[in-house]
Amino acid sequence: MPARVHALLVVRPDDRTSTAAHLERTLEALRAQTRPVDALTIVLCDPDAAVTELARSSGAEGVITASAATAYASAVRMAAPRLSGDAVWLLAQDTAPEPTALSELSAALELAPLLAVVAPKLVGWEERSQIVSLGVSMTRFGRAVGLADGELDQGQYDADADADVLGADVRGMLVRMPVWQQLDGLDPALGGADEGLDLGVRAHLAGHRVSVITAARVAVAGDGTAGLPAPTTRRRRRKVAYATRLAQLHRRLVYAPAPAVPLHWLSLLVLAVWRAAAALVSKQPSRVLPEWGASIVVFWRWASVARARRRIRRTRASSWTSFAALRISRSQLRQRLDADGDADAASRPVREELRFFTGGAAWIVLAAVVVSLAAFPALLAWPVLGGGALAPLSATVSQLWAEAGYGLRSIGLDTTGPADPFAALLALIGSVWPFDPSRALVLLWLAAVPLAVLGGWFAATRVTSRSLLRNTGAVLWALAPTFWIALGDGRPAVVIAHLLLPWLFYAGAVAHRSWAAAGAASLLLAGVLACVPSSAPALIVLWALTVMLTLVARRGAGVAHIVWIGVPAIAMFAPLVWTQLRAGSPWALVADPGVVVGSGSPAGAATRLALAAGFPDDGYGGWARLLEGGAVSLPGWTAALLVAPLVAAALLSLLTPRWMVAAVALVVTMLGLGTAFVAVGVQVSHTATGDPASLWPGGALSLAWLGLCAAAIIALDAGLPYRDRRLRPIGAAVLMATLAIAVLPAATSVVRDRAPLQNGPASTLPAYVAAQGRGDAVPGTLVITPLADGSVAARVVWGASDTLNGQSTVLATRTSATPADEEVAQLVADLVTPTAEDAVGRLAERGIRFVVVSPAVDGETDRARALRLTATTALDQRNELDDVGATPKGTLWRVTADVAPRAAAPDPHLGAVITIVQLLVVAAALLLSVPTATSRRQARRTSRMVGPRAREEER
């Protein structure tokens, strides 16, 4: 019979809680006990004046002062020398026992001699009808599981008044003094979590029993002084996750058999990687850092593990199987989780059906396939696309991905630096057809129109629930003039951006709701910026506005999702940003990726008028030539009238009940138009011949078109009342018909042979060079191009061809000659000068095996022809060069001397580090974007539409 009970009360002030108020209530509860404590010791951890005064007036036999960093287990250990009596009662400032709590606990110890530890029923501080804890068990792998945490107390457990448990929450626990001393108290290495569970396990191993006394009730507030804090804030949730995982890993090493300890220890960091990935998949990224922090701490705490294992070995009297029945099995855990997860599923709203097939969207996509085949019939036989800004891709998938990372570039003498993020996107596309990556672009061109329809349809589901208008939105997006002009002009970056933008809208519009949408939106944003870097200012403004709206409208809920959207893009662009800033060329960051071609239109009033109408140049997608050359001559801007109905519908959306959503869509339109107006006058790149090239505004116009289509759909959806619903199909038909006419010249340009798009060559270099470049060795080729003014453009190409994915904005935007440029210029000058010696030897030292003089072009000037003849004659006279002959790609010479391999990158480790960091960020985004059963269940309970919804009308 425990004659005397010594209570240990630990107090730690917390700025978020009223420690003095909690302590006062706890002290009053102790004084109100029907069976009063015999002694009270208080440990104050960095107390304030109010707490100190309460402790002094409490009648405690001793008050101990400690630092604020003192954990509960350490504070209790500090008070151990003062303990007296037959039992110790573990309390904290926020544990207020009911008057009969100690009487019930001590009576249980008196009636059961083998009972060493008893714990009360912990209930809420304010809501005493809610069970906070009523015993703790653990799984086979050491995961702690509360037996009744969070349940409503309806007396369902009162029948088992003294049920045996594996462990319990440490708060309010009463322990026999001899057992407390035998077990050496609490383990401070647990970090504040699972202390009662660990004490219970050690008590069972020592041959004792642990029970929960349901009649003894103690109210707890969750300050975190003893046990885990209530997860009411993000900081507390992170602390709970860290402490829980730290305790689990520590107990795993302590409880494991000796031969298994090294294996568990070696698996700590591997498990951290796996569980971090699992946390991202389960949309809990806040658990990643606690997981890694706990794993690293436990990995280096060998001494704590050794002490805990010695403690168990010294007191152990029973086997682990003696309390196996008290552990929770996998089936029991699954039943508990399933019951908790689906308890209120039936009462939640369910999202409406998508109606992709029943609403006619599938037929629209099939019709788009037919349109694509009619517009590009020759592509069925083309192996490679050429013309405009197109070029072949690398011949193998490994070369594709090698060009996507930091390192040596395939253009330039010895250029080392970051790849454009667009190269990674091309590597991803080329991997779809690994046997011939260039054919993947052909397939993309054929699938572009149906893919645009598909993306536009899903984007429309965010602004309307009507199948008619969703189909209309899909057609409007696929009929964007800039999209068809980009297809005919051979501009892959803008085509890909146009296909990605509706999916970015689809995922980004609901990114605040879930991590899955935020993860997908982050990858899509990185893809759009990789294609159109000049759209970065507009997208950054939209991102900032979304953050502010989330903070205001949702009080910060989901703002972390929105912030994450920009992380992958930052990781992908960071090396390029650093390189361009170091070069003093910040404007170069907005350069169009890929092959540099001219914009085709001057940045004048006529061009800007065309931009306002959605056309990227003053040709209005071919209408200017047709109108001005027809029987009735009309100005080219007349074609802009065909877009007027769409613009009018978009503006009318501001007069609808959903004007807020429409206003956001029109803001997107204005940002896109503003970006296009600025971009058309910016020249930061130069072509291979040295001519300056303006940014092409087509990508920014696609962004503007997205907002315009969304606003027009809102006008048709919410702007027409029920009695005028018959006008809706008429309005939709007018919009689609006028836009179909607007893009007709551009859509038929390939069939009429009026487009730059053509059957491209498999290599931009002679076939002999291309064959040599497909081997393991990477030969260098010096390409010399005579210019109209009598000068020479020269570049060094490595491999089988000058490739689309091998282009670099770092090279295309440089404003001054680099040492490598000067060396190439000197080499060319010496090669075309017959008296210069050892020029070919320097080529061989640099790894250059071939020299090509570009063929003559139509309209070649006399100066260019004279320079070509001079260069050809000089090269023919060199004994170290073997004249391979004239080819369609130019006249070719081969270096006969031994050619040294290309020099390696100066810092390969830097490239590896950059690649690893980027891959980790992308992998995190991918894991976040993977839908789970939980995320799908949550998505089904929310509307697909965003913003305030109009009154549901009959479809």
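Biologist: At what angle do helix α18 and helix α19 pack?
Modeller: Helix α18 (residues 481-489) and helix α19 (residues 492-508) pack at about 145 degrees, with their axes 8 Å apart. Axes are lines fitted to C-alpha atoms, for helices over the stretch in contact, and angles run from 0 to 180 degrees between N-to-C directions. Helices (H or I, at least four residues) and strands (E, at least two) are DSSP runs, numbered from the N terminus.

Biologist: What should I know about the model itself?
Modeller: It is predicted: local features need pLDDT of at least 70, side-chain atom pairs count only at pLDDT 80 or more, and totals for chains, interfaces and linings use all residues. Residues are numbered from 1 along each chain as its sequence is written, and side-chain values use heavy atoms, leaving out hydrogens and water.

Biologist: Back to the helices. Which residues make the contact of α18 and α19?
Modeller: Thr482, Phe483, Ala486 and Leu487 of α18 meet Val494, Val495, His498 and Leu499 of α19. Contact means heavy atoms within 4.5 Å.

Biologist: And how does α15 pack on α19?
Modeller: Helix α15 (residues 421-430) and α19 pack at about 75 degrees, with axes 12 Å apart. That makes α15 roughly perpendicular to α19 (65 to 115 degrees; under 35 is roughly parallel, over 145 roughly antiparallel, the rest oblique).

Biologist: Which residues touch there?
Modeller: From α15, Phe422, Leu425, Leu426 and Ile429; from α19, Pro492, Ala493, Ile496 and Leu500.

Biologist: New topic. Is strand β12 largely enclosed or not, and why?
Modeller: In strand β12 (residues 209-220), 10 of the 12 residues are buried, so the strand is largely enclosed by the rest of the structure. Buried means under 20% relative accessible area, exposed over 50%, partly exposed in between (1.4 Å probe, protein chains only).

Biologist: How many bridges join β6 to β12?
Modeller: 9 bridges join strand β6 (residues 115-124) to β12, and the two run parallel. Leu115 stands opposite Arg209 there. Two strands pair if DSSP finds at least two bridges between them.

Biologist: What about β5 and β10?
Modeller: Strand β5 (residues 95-97) is joined to β12 by 3 bridges and runs antiparallel to it, with Thr95 opposite Val220. Strand β10 (residues 162-164) also pairs with β12 over 3 bridges, in the antiparallel sense; Asp162 has Ile213 as its bridge partner.

Biologist: Last one: is Gly672 buried or exposed?
Modeller: Gly672 is buried, at a relative accessible area of 0%. Gly672 lies in helix α27 (residues 659-679).

Biologist: What does Gly672 touch?
Modeller: Gly672 touches Ala700, Leu703 and Ala704, not counting residues up to four places away in sequence.
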